Amino acid sequence: MPTKEPSVNVDPRQHRQAAESFGIDAERYDRARPRYPDGLVRHLVAGRPDLDVLDVGCGTGIATRQFRAAGCRVRGVEPDVRMADVARKFGAEVDVATFEGWDPAGRTFDAVVAGTAWHWIDPVAGAGKAARVLRPGGRLAPFWNVFRFPSDVAEAIAEVCRRVLPDAPFDLTVMTKGGLDAYRPVLVRTTDGIRQQGGFGAPEEWRHDWEHTYTRDAWLDQMPTLGAFTRLPQGKLAQVLAGVGAALDARGGGFTMGYTTVAVVATRSDAA
């Protein structure tokens, strides 16, 4: 259950429906989803707080606010008007469009970032669009929060899902797999797309490890925003939440999640 979970070999219509499902409860999404490590933001800003940043697939503006707090000027691009409306409530400037179809209107940027969103974008077309709107020396930096459940919590949640959702269309074992292994196909596609497009230096992977302690209620608040559950019927979702809540109660009522935030970073070449 990654956030805005990447998927492999998904029918394009199902891919679009999954992407659109995150706006069902945009307020909850903004409240419950994890933020990104400040160290990553500082690393990307690299002592230049006056950067012009384009936040692709900005959602409710979680990363947008973090880059603004670091002193950057940020514009978001988000295809879901419900998510964009929440971002605007926090003062973000957001254009409602897909990144591929977005009109930059002559604007250029020092950085193009994408917080847990680049897997919804064609990796070659997206890299090409980024190269066209980046200034020479600017950075393209898609990044993802990759979770690492404690093994006992992972198995408890998977068991509840197997019991309540025996015919689930998603892979229940994803919760027990190593986080970066599940994301490796997305990272490879992102890197390959940048290389195939050209106009960038060699992509690098940056990693920031961190932890977040969830109370029982905080985790149950986040679960309905995850892609595996956004389209579940309310009755089934209620059963999942009740089962997971009971499992967490039996383990003391909370747990500490390990996260790795991994970014694929490439610098636009002067000749692009």
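These exercises work through a predicted model of a protein.

**Exercise 1. Overall make-up**

Find how many helices and strands the protein has, and what share of its residues is buried.

Solution.
- Step 1: Count the elements. The protein holds ten helices and seven strands.
- Step 2: Turn to burial. Of the 272 residues, 54% are buried.
- Step 3: Look at the surface. The accessible surface is about 11,900 Å², and carbon and sulfur atoms account for 50% of that.
- Step 4: Check the contacts. Among those with a separation of 6 or more, 76% join residues 24 or more positions apart.

**Exercise 2. The span of helix α7**

Compare the expected span of helix α7 with the distance between its end C-alpha atoms.

Solution.
- Step 1: Helix α7 covers residues 151–164, which is 14 residues.
- Step 2: The expected span is 1.5 Å times one less than the number of residues. For α7 this gives 20 Å.
- Step 3: The end C-alpha atoms lie 20 Å apart, so the two values agree.

**Exercise 3. The buried side of the story**

Name the buried residues of α7 and the elements they pack against.

Solution.
- Step 1: The buried residues are Val-153, Ala-154, Ala-156, Ile-157, Ala-158, Val-160, Cys-161 and Val-164.
- Step 2: The buried residues of α7 pack against α9 (216–222), α10 (234–250) and β7 (254–267).

**Exercise 4. Two cysteines**

Decide whether Cys-72 and Cys-161 are buried or exposed, then give the number of disulfides.

Solution.
- Step 1: Buried means under 20% relative accessible area.
- Step 2: Cys-72 has 7% relative accessibility, so Cys-72 is buried.
- Step 3: Cys-161 has 0%, so Cys-161 is buried.
- Step 4: The whole structure contains zero disulfides.

Key:
Residues numbered from 1 in each chain as written. Predicted model: local features only at pLDDT ≥ 70, side-chain atom pairs only at ≥ 80, totals over all residues. Heavy atoms only, no water. Helix = DSSP H or I, 4+ residues; strand = E, 2+ residues; numbered from the N terminus. Buried < 20%, exposed > 50% of the residue type's maximum accessible area, 1.4 Å probe, protein only. Contact = heavy atoms within 4.5 Å. Areas by Shrake-Rupley, 256 points an atom, 1.4 Å probe, with all protein chains shown as cover. Disulfide = S-S within 2.5 Å.
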